[in-house]
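I opened this notebook page to keep track of what I looked up, one topic at a time. Here is the structure I worked from.

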Amino acid sequence: MVNIENENPRYIKASRKFHKDNTVIKIDNETVIGDKDLMIIAGPCSVESYEQLIEIAKRVKKAGAKYLRGGVFKPRTSPYEFQGLGYEGLEILKRVREETGLKIVTEIMSVDDIELFEKEVDVIQVGSRNMQNFDLLKRLGKTKKPILLKRGLASTIEEWLLAAEYIMNEGNPNVILCERGIRTYETTTRNTLDISAIPLVKKVSHLPIIVDPSHASGIRWMIEPLSKAAVAAGADGLIIEVHNNPDKALSDGAQSVTPDMFDNIIKNVKIIATAVGRSV
Ligand code: PEP
Ligand code: MN
């Protein structure tokens with residue numbers, strides 16, 4: 001159990017006991033996360049084509065997102081489901097970054113891709129299924145890239161912070177935690193969003209934490225209330241799946257919002273953000 005009094009934490013570099021101020025992460029001298037401004041990441045679960053990605057990217061940018069998500073190596077439960085476009089998908093992400101100015105966030109699955117991702121990707125995502133892939137974490141710790149570390153499907157907060165410690169212990173302090181729901185006995189939602197993880201992480205750690213309401217719920221209409229709850233509870237940002245034609249999406253369509261819905265979500269999140277002293 002995580003020691004909320006922070007007396008003898010097993011994580012050291014991730015602990016607020018030894019680092020009182022919130023971590024601020026920058027890319028090219030521009031703050032990514034760690035100040036008043038929320039980090040808003042949006043985009044499809046999977047990159048499917050250039051046409052799909054550019055259309056979504058333009059819309060989410062207009063709504064206020066500064067980061068574009070899109071998986072190209074997909075950790076699918078079944079080997080018969082769409083596995084992602086791979087390196088071709090990465091080229092599409094780069095082209096859309098060039099054309100929109102949005103920074104790109106994408107998931108790494110293999111240590112073999114670290115050099116390429118270090119060169120080409122702005123924020124490297126470690127998915128839930130790889131949260132305890134210690135080899136991958138250690139190698140990412142040798143880079144200086146911001147690492148978006150998703151909480152494991154069934155991981156405790158202490159295990160999650162110890163996973164962050166693996167990255168930090170190799171010399172990379174730029175870890176962003178992402179609460180994306182955990183497995184519970186509830187089956188109505190895909191996972192259960194652990195809202196208490198937000199204040200808990202804030203208390204024991206100086207690392208920023210964002211919330212993924214898409215994978216947490218698996219339900220499109222639930223993204224807005226969960227986004228508002230996350231920001232109200234102190235989250236430093238959101239990562240939301242947006243698709244221009246969710247019913248035809250190659251992955252996670254049921255939880256993807258349309259660009260119009262995303263506009264509204266951001267408008268309403270702004271109201272909550274202002275109430276808690278944050279901005280979008
Ligand atoms: C994703 O972001 O598309 C994803 C696979 O997330 P997670 O690792 O949280 O399941
Ligand atoms: Mn997804």
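**Cysteines.** I started with Cys178, which is buried at 0% relative accessibility. The model is a predicted one, and I kept that in mind throughout. How far is the sulfur of Cys178 from the closest cysteine sulfur? I found that sulfur in Cys45, 13 Å away. A disulfide needs the two sulfur atoms within 2.5 Å, so this pair is too far apart for a bond. My search of the whole structure fits with that: it gave zero disulfides. I also checked the cover on Cys45, and that residue is buried too, with a relative accessible area of 3%.

**Metal site.** Next I asked which residues coordinate the manganese ion (ligand 2). I listed Cys45 through SG, His215 through NE2, Glu241 through OE and Asp252 through OD, at 2.1 to 2.4 Å. Written along the chain, the spacing of these donors is C-x169-H-x25-E-x10-D. I placed Glu241 in strand E10 (residues 237-241) and Asp252 in the loop between E10 and helix H9 (259-275), eleven residues apart. Glu241 has a relative accessible area of 0%, so I noted this donor as buried.

**Strand E3.** I then turned to E3, residues 39-43, and counted five of its five residues as buried. Which way do they point? Met39, Ile41 and Gly43 go to one side, Ile40 and Ala42 to the other, and all are buried.

I looked up the partners of E3 as well. With E10, the strand that holds Glu241, E3 pairs in the parallel sense over five bridges, and I saw Ile40 opposite Leu238. With E4 (residues 67-69), E3 is again parallel, over two bridges, and here Ile41 stands opposite Tyr67. I followed the chain from E3 through helix H1 (residues 50-63) to E4 and logged a right-handed β-α-β unit.

**Cores.** Last, I asked which residues touch the most other members of the largest nonpolar core. Of its 71 residues, I wrote down Val60, Leu149, Trp160, Leu177 and Phe262. Helix H5 (residues 157-169) gives the most to this core, with eight residues. I picked Val60 for a closer look: beyond its neighbours within four places in sequence, it is in contact with Ala42, Ala65, Leu68, Leu102, Val242 and Phe262.

I also found a second, separate core of 14 residues, which brings me back to my starting point: Cys178 is one of its members, and Ile41, Val123 and Ile239 are among the others.

Definitions and conventions: Residues numbered from 1 in each chain as written. Chains lettered and ligands numbered in written order. Predicted model: local features only at pLDDT ≥ 70, side-chain atom pairs only at ≥ 80, totals over all residues. Heavy atoms only, no water. Buried < 20%, exposed > 50% of the residue type's maximum accessible area, 1.4 Å probe, protein only. Donors = N, O, S within 2.8 Å, 3.2 Å for Na, K, Ca; no water. Helix = DSSP H or I, 4+ residues; strand = E, 2+ residues; numbered from the N terminus. Pairing = 2+ DSSP bridges. Right-handed = clockwise from strand over helix to strand, strands pointing away. Core = buried A, V, L, I, M, F, W, Y, C linked by side-chain atoms within 4.5 Å. Contact = heavy atoms within 4.5 Å.
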